[in-house]
Amino acid sequence: MSALVLLAVFGIGGGTAAAADLIVDDPEAIAAAADYDWSGAYAGLFGGGGNGEVTLEEPSGLADPLDLAAGGWLAGVRAGFNA
């Protein structure tokens with residue numbers, strides 16, 4: 001049964017790479033892609049946060065359950081220049 005599932009997963013995922021082999025013979029599409037310039041200054045802010053809780057119990061029940069909790073946040077600034 002696991003071999004059948006494995007075959008199905010690789011069979012579905014293997015067909016998606018065929019689109020990368022397409023040849024584009026449109027010179028306007030190539031010229032449009034070359035017109036954009038990534039040089040110059042850039043800046044940005046980022047932030048996020050999260051928390052979680054878990055209770056660990058010993059299977060035999062000899063020890064008291066252990067309650068763990070964690071939480072926090074992250075923030076920052078990113079800036080640079082592309083020549």
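This passage walks through the fold, the strand pairing, the surface and a few single residues of the protein shown above.

The structure is a predicted model. It contains two helices and two strands. Reading from the N terminus, the order of the elements is α-α-β-β, and that puts the helical part ahead of the strands. Helix H2 covers residues 27-34, strand E1 takes in 40-56, and strand E2 takes in 66-82.

How do the two strands sit relative to each other? E1 and E2 run antiparallel, and 17 bridges join them. One facing pair is easy to look up in the structure: Asn51 stands opposite Gly71, a residue of E2. The contact pattern of the chain can also be put into a number. Taking contacts between residues at least 6 apart in sequence, 57% link residues at least 24 apart.

Several glycines are handy places to see the two strands meeting. Gly50 belongs to strand E1, and Gly72 belongs to strand E2. Setting aside neighbours within four places in sequence, Gly50 is in contact with Ala70, Gly71 and Gly72. Looking back from the other strand, and again leaving out neighbours within four places, Gly72 is in contact with Gly49 and Gly50. The backbone spacing fills in this picture. From C-alpha to C-alpha, Gly50 and Gly71 are 5.6 Å apart, although 21 residues separate them in sequence. For Gly72 and Asn51, also 21 residues apart along the chain, the C-alpha separation is 6.5 Å. Are these two glycines buried, exposed or somewhere in between? Gly50 counts as partly exposed because its relative accessibility is 42%, and Gly72 is partly exposed because its relative accessible area is 40%.

Further along strand E2 comes Val77. Its partners, not counting residues up to four places away in sequence, are Gly44, Leu45 and Phe46. Val77 and Ala43 are 34 residues apart in sequence, but their C-alpha atoms are 7.5 Å apart in space. Even with those contacts, Val77 is exposed, because its relative accessible area is 64% and the cut-off for exposed is over 50%.

What about the protein as a whole: how much of it is buried? Of its 83 residues, 2% count as buried. Strand E2 shows this on a smaller scale, as it is hardly covered, with one buried residue among its 17. The protein exposes about 7,700 Å² in total, and 64% of that area is supplied by carbon and sulfur atoms.

Part of this surface forms a nonpolar patch. Which residues make it? Val54, Leu56, Leu66 and Leu68 do, and the patch measures about 330 Å². Both strands take part, since E1 and E2 each supply at least two residues of the patch. Val54, one of the patch residues, is found in strand E1. Val54 is described as partly exposed because its relative accessible area is 40%, a value that lies between the 20% and 50% cut-offs.

One last residue sits outside the strands. Trp38 lies in the loop between helix H2 and strand E1. Is this tryptophan buried or exposed? Trp38 counts as exposed because its relative accessibility is 67%. Trp38 and Phe81 are 43 residues apart along the chain, and their C-alpha atoms are separated by 9.7 Å.

Methods. Residues are numbered from 1 along each chain as its sequence is written. This is a predicted model: local features need pLDDT of at least 70, side-chain atom pairs count only at pLDDT 80 or more; totals for chains, interfaces and linings use all residues. Side-chain values use heavy atoms; hydrogens and water are left out. Helices (H or I, at least four residues) and strands (E, at least two) are DSSP runs, numbered from the N terminus. Buried means under 20% relative accessible area, exposed over 50%, partly exposed in between (1.4 Å probe, protein chains only). Contact means heavy atoms within 4.5 Å. Accessible areas come from the Shrake-Rupley method with a 1.4 Å probe; for residues, only the protein chains shown count as cover. Patches are made of residues with over 30% relative accessible area and no salt bridge: like charges are joined within 9 Å, nonpolar side chains (Val, Leu, Ile, Met, Phe, Trp, Tyr) within 5 Å. A salt bridge is a side-chain nitrogen of Lys or Arg within 4 Å of a carboxyl oxygen of Asp or Glu. Two strands pair if DSSP finds at least two bridges between them.
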